[in-house]
Each structure stands twice: as C-alpha cells, then as structure tokens.
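Student: I would like a close look at one part of this model, namely the side-chain contacts between charged groups and between aromatic rings. Please take them one after another and say where each partner sits.

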Amino acid sequence: MKITIMGGTGYLGQGILAGFVNSKYNHELISLSRSGMGNKQNLVMPVSYLAVDFSHDGNWQSVVTTSDIVIDCVGILIPSKRKQTSYEKNSIEPAKKVIDQLQVKTDKTKFIFIAANNAPRLLDDYLKAKQEVIDYGQKKLDNRFIAVYPGMVYDLQRLGNFIPGILLNIAINGFKIPFLKKYRPAKRSVFSQEIVKIAAGQSSPLTKIIR
C-alpha cells in the first residue's frame, strides 16, 4: 500500500512512520510537511519526505489522491501569536483541503485523522478544532474517514510528557483511579502499532472514545 503521513516530520508523525517501517508490512511511505527533509536529525528511513504547503495547490494533491491511506498528524496544541499560528490555519484548514481533494478526485483513499480522546479545560478550543475536522470528514468522506482518539502519547524523546505519562499510567493501573482513564496515556510505540493495525483494516480500541 501507499501510505502518506501529513505532518510526518513531527513527534506523532515520526512515531507512526517508525511503526510502519518496523511492521511486517512493506508499504510505500511518504511524509508531507513544511520542512520536508529539513529536520534530518530524527528522520525515519526508508521514507520519501516532501516539502509542501497545504494552503496552495501543489504536488501534494496528486500524492494524496494516489495514496491508499492518508494519515493526518498536522496540527498545533496551543496557538502562538508570536509564531502566527491558530487552530483554523494550522489544524483545521490543512485537513479540510485534503478531505476536499479526496472527495472530488477519488473514491478509494481512506483518511485517518488523529483526534483526541480528552484534554484539560485549558484545551477546550483544541478539542473543538478536532471535532470540527471530524464532523467535516464524516460528512464529506463517510466511512472512508476514520477518527482515532489517543490521549497523552509519551516517549522518552520528550521528557515533558514522558514523566506525566508514566505517572498517569501508575495512577490509572496501579492506584485504580477511573476518571483519569479519559486521558488515555500510551507509549508512542504502542500508539503507532495501533495506527498500523487500523491501516491494515484491523480493529483497535483507539477508534472508540473513552468517556
């Protein structure tokens, strides 16, 4: 299969690409991001890295419409005035652009969207942005749109979420604090393995929301 990752040079994107590379499947893997191969330090191989701007027409359009699966990891956690980022510009619009392209040009490509199971109240707008994409994708692509709902995806590469992720796991599984389950902590490698399973058409708990 040909699998394209939007935002493949980011934290989640690189984890997902590593999951595919280390799996039993022999897929053609493509990363679409602003940096392309600019961030060479952590790149996963073998992957084709392309620099694209989803706000303008370009080669990304033919790439996504000839893919079997497109996985959307594009987005921001918190907007920054200094960086001129916003949920609309950096999270919602890229997804809608690709969804529109898939709706018009192909009836085969599946779109896997990395949503979120839950988040603190500080991130209510983040969750609203995710839901806007989900509503749009389901309307445009019907059952070709697949939303997955991770919580805190942690990895030693990022100490800022690695330690909280470990502590959450202890609180949920060790101390049996049920209301914390909605934050759904998972190692990045485990999360990536679930995405590989979903791409292969297998069932995964990540496609269901934990309330």
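Tutor: What follows goes through the charged pairs and then the ring pairs.

The model is a predicted one, in which local features need pLDDT of at least 70 and side-chain atom pairs count only at pLDDT 80 or more, while totals for chains, interfaces and linings use all residues. Residues are numbered from 1 along each chain as its sequence is written, and side-chain values use heavy atoms, with hydrogens and water left out.

Let us begin with the charges. The structure holds five salt bridges, a salt bridge being a side-chain nitrogen of Lys or Arg within 4 Å of a carboxyl oxygen of Asp or Glu. One of them joins Lys96 to Glu132, with the closest N and O atoms 2.8 Å apart. Because Lys96 belongs to helix H3 (residues 87–105) and Glu132 to helix H4 (residues 124–141), this pair ties together parts that are 36 residues apart in sequence; helices (H or I, at least four residues) and strands (E, at least two) are DSSP runs, numbered from the N terminus. Lys96 counts as buried at 15% relative accessibility, whereas Glu132, with a relative accessible area of 32%, is partly exposed. In these terms, buried means under 20% relative accessible area, exposed over 50%, and partly exposed in between, with a 1.4 Å probe and protein chains only. Lys96 has a further partner, since it lies over the face of Tyr136, at 4.9 Å from the ring centre (a charge sits over a ring if NZ of Lys or CZ of Arg is within 6 Å of the ring centre and within 35 degrees of the ring normal).

A salt bridge between loops is formed by Asp53 and Arg34, whose closest N and O atoms are 3.5 Å apart. Asp53 lies in the loop between strand E3 (48–51) and helix H2 (60–65), and Arg34 in the loop between strand E2 (28–33) and E3, so this pair ties together parts that are 19 residues apart in sequence. Asp53, at 24% relative accessibility, is partly exposed, and Arg34, at 62%, is exposed.

Within a single helix, Lys197 pairs with Glu194, the closest N and O atoms being 3.4 Å apart. These two stand three residues apart in helix H6 (residues 188–199) and are thus separated by about one helical turn. Glu194 is buried at 15% relative accessibility, but Lys197 is partly exposed at 27%.

Now to the rings. A pair of aromatic rings is described by the distance of the centres and the angle of the planes. Rings of Phe, Tyr and Trp (its six-membered ring) pair if their centres lie within 6.5 Å, and planes under 30 degrees apart count as stacked, over 60 as edge-to-face and the rest as tilted. A search of the whole structure finds five aromatic pairs. Among them, Tyr87 and Tyr126 have ring centres 6.3 Å apart and planes at 55°, so this pair is tilted. It links distant parts of the chain, with Tyr87 in helix H3 and Tyr126 in helix H4, 39 residues apart. Tyr87 is buried at 13% relative accessibility, and Tyr126 is buried at 15%.

The rings of Phe111 and Phe145 have their centres 5.7 Å apart and their planes at 15°, so that pair is stacked. Since Phe111 lies in strand E5 (residues 110–114) and Phe145 in strand E6 (residues 145–148), the pair ties together parts that are 34 residues apart in sequence. Phe111 is buried at 0% relative accessibility, as is Phe145 at 7%. Ring pairs also bring in Phe113, linking Phe111, Phe113 and Phe145 into a cluster.
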